[in-house]
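Reader: I would like to go through this model and ask what stands behind each label. Please set each value against its cut-off.

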Amino acid sequence: MHPGAGYLLTIAVISGATLAYEVLLLRLFSMIQWHHFAFMIISLALLGYGVSGVFLALARQGVSRYFPAVIMTNLLLLALAMPLCFLLAQSLPFNPAELLWDPWQLVYWLVVYLILAVPFFFAANIIGLSLYQFRQGIPTLYASDLLGAALGSVGIIALLFSISVEQILLLLPCLVLLAGLLLVSQSSLWAGRHKLGWQMTLLVTAAAMLFLLPPSLQLNVSSYKSMSQMLTVPKTGVLQRESSPLGVLSVVESSQVPLRYAPGLSILSDAELPEQLAVFTDAEAMTAISRFDGDFEKLGFLGQTSSALPYQLKRIEDVLVLEAGAGSDVLQALMFEAAAIDAVEENPQMIDLIQDDYAEFAGELYSLPQVNVHQSEARAFASKAERQYDLITMSFLSAAGVGGLYSMSENYLFTVEAMRDYFQHLKPGGYISITQQTTLPPRVMPKLIATVSTALKSLGRTPSQNLILIRSWQTTTLLVKNGAVSDQEISRLKQFSQQYNFDLAYYPGISADEVNRYHQLQQPYFYQAATALLSAQSGKFIDDYKFNIQPATDNQPYFSQFFKWETLPEILSLLDAGSLFLLESGYLLLLAALIQALVASLLLLLLPLWLWRRRRRDREKAQPLHKRVLAYFFALGLAFLFVEIAFIQKFVLILHHPVYAVTTVIAGFLLAAGTGSYLFGRIRHIHPQHQVLAAVLLMIILSVVYMSSYGTISAFLLAQSDLLRYLFAILMILPLGFCMGLPFPAAMSMLGREHDEMIPWAWGINGFASVISPILATLIAMEFGFRVLLSVALVLYLLAVWLFPADSASRQSV
């Protein structure tokens, strides 16, 4: 029995809508919590698919007798579950920032995890039961499933640029219901009153959702986010909101309490700030649009901030502003009469706000003749820029995040390779200026100094002669010079710092009695860290420091990962004394998520299989084969996702954003692996174990090539246009994904011929490994880097070759 065209289209729509929903959850969690919960979204999606696989393996013969009704019921439940499960999940009082002192947060987190897995369970039921019902048409069904997923990954990006996330949350279930109407209308499986009944049910459900749901689709943003806190100020409201895959921009006005956004402003400043509008990205990462009428005297406050330091040392002509945002750094460069300013901003909607929506308010800032605006990711622009600059400036004002919650975020802007690239775009005597929010105890700036120092040493420079560091009450500014800091620059540095009460923290030849004068700390921590890190004892200082300040690299781009295991007992012993702020909780959240995934998958995947086996009282005679099946499919479940997660995290650099990386990598691997699975069924003259061995060997070759030449590959791709970057990224994925698609069906076909009673166990153990692997992969990448993660995956694939579940006779015939 073969599925008709209408059925294939329905499967494609359901698969596409489900993948789009998975990506939408990434965006929704970025808004209401933080984007690094991506690993949890992937894990819960796999949990839903895994539970469905076990359910169908155990009950498919029973449910297949009622196939039309079961399919439509699951389709209807999928449409309802998409918005309702999210609304239910966000109604729970889950807040990751409270996990360390509120044990109930672990319970809420587990409930959120299970609730959000429900829609994926219904989607997997539809696809899995269809594959069982139309066994002769599996290739075309599988192709429709994969094609739909690929189209869904492209479609969700287009939707995120076009409409709000709340509207998408309503649109996706309507697409599912529309697919159901198409299926009922065109398929012969439904006839007469049953057809009319389902048509009416689907239409009524769609109408009810469209009329009843919109008022309820309000996002419950974490109270710990900056925008939530600002909105508690009286007469403060959101003027405008723009959505894109890069984030939701919110323009906020405070009419009663004027906004004063001037990071690093001197405590001696008496300057009057102009009217300002706050701009938040995903309710966090605030910047501000300052009213500008062409009168630079009204921008005097910008000369009294720590970030004004490079302009005080010498005349600056050519400026590169990375992560320009709402234009504060551009205004500062204009105020100091820079002749040419390249402003680089990745989010096109941020540029539109300044160029169009608030152009008059901002004084046509991004249209001034001195300013050239580039819509690009900062690292990509720097890699392909041909000119050199007197100053490259950037702000990094949300480094540490809330309780270490940013520690799981990849940041390729502040790695050794990035710093090396920036430095090579400086004119002789030019500066890199980085301003960051002061964190105590210091960890962001020491790590930044360690990273910059490593980059300079790799270029044959002497870091101790190239760096200047000053501190305000709120920010710290690091200056990196292309050349040795001169006596004249040191003299101007001292004059500027004394004039505005900025603390000196480092310059070549600084003495201990010059530091910690104005904003006094218990110890001159920044001076101590800078002098130690720029000395011959830097390695020992890094090893002994309470936080992880190892230089960030493209292999381990977790700049905000400061957690060290050896300091955990000391910090926990001091929690009652108010030292909670010392605890960088990112690792602990990952461990909690791993335990949560283990518990959920054990209860929902392996326990039902164990109970089913006990009830059957039909023990497998070949006990060694039983163990081989468990080990083989467990290794595959870990290895596949390890490779996929490694590529997602590495492609954040190439494709510039986690959402782009997730959609491209998942769609690419699904298409490639599906093609590999399809072709496996066509190759009958080669033993399955030989096919798996050949695929794994090719995987190893490709992975070695990628790992050994990734720096060259990424540099080449960053210099390409957006279209070429995506095409080359997919081309990198396809051969590897093709090979990864062979081991699973090869072993399944062997079990199907000789031990079909083991198939449910194969599904269950593979699903169990798949659920925990995204979280485990993130832990390995953070601790050891992507190369180790990929190497572990290859070892697991080699182990799978050895464990291939053929019986003794089959192995002897190989």
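Author: What follows takes one residue and one sheet in a predicted model.

Reader: Why is R471 called buried?

Author: Buried means under 20% relative accessible area. R471 has 6%, so the residue is buried. R471 sits in strand β10, residues 467-471. Across the protein chain, 61% of the 814 residues count as buried.

Reader: What makes the pair R471 and N516 a polar contact?

Author: The limit is 3.5 Å between N or O atoms. The side chains of R471 and N516 are joined at 3.4 Å, therefore the pair falls within the limit. A polar side-chain atom of R471 also lies 2.9 Å from the backbone oxygen of H519.

Reader: Which residues does R471 touch, leaving out those up to four places away in sequence?

Author: Among them are T438, D503, L521 and F526. N516 and H519 are on that list too.

Reader: How do you know that β3 and β4 pair?

Author: Pairing takes at least two bridges. Strand β3, residues 276-281, and β4 have five, in the antiparallel sense, so they pair. One bridge sets L277 against I289 in β4.

Reader: What makes the sheet open, with β1 and β4 at its edges?

Author: The order is β1-β2-β3-β4, with antiparallel pairing. β1 (236-244) and β4 (284-290) each have a single partner strand, so one side of each lacks a neighbour in the sheet. From one strand to the next, the twist averages 25 degrees.

Reader: Which helix lies across β1, β2, β3 and β4?

Author: Helix α11, residues 348-357, does, running at about 125 degrees to β1.

Technical notes:
Residues numbered from 1 in each chain as written. Predicted model: local features only at pLDDT ≥ 70, side-chain atom pairs only at ≥ 80, totals over all residues. Heavy atoms only, no water. Buried < 20%, exposed > 50% of the residue type's maximum accessible area, 1.4 Å probe, protein only. Helix = DSSP H or I, 4+ residues; strand = E, 2+ residues; numbered from the N terminus. Polar contact = N/O pair within 3.5 Å; in protein donor to acceptor, adjacent residues only side chain to side chain. Contact = heavy atoms within 4.5 Å. Axes fitted to C-alpha atoms, helices over the stretch in contact; angles between N-to-C directions.
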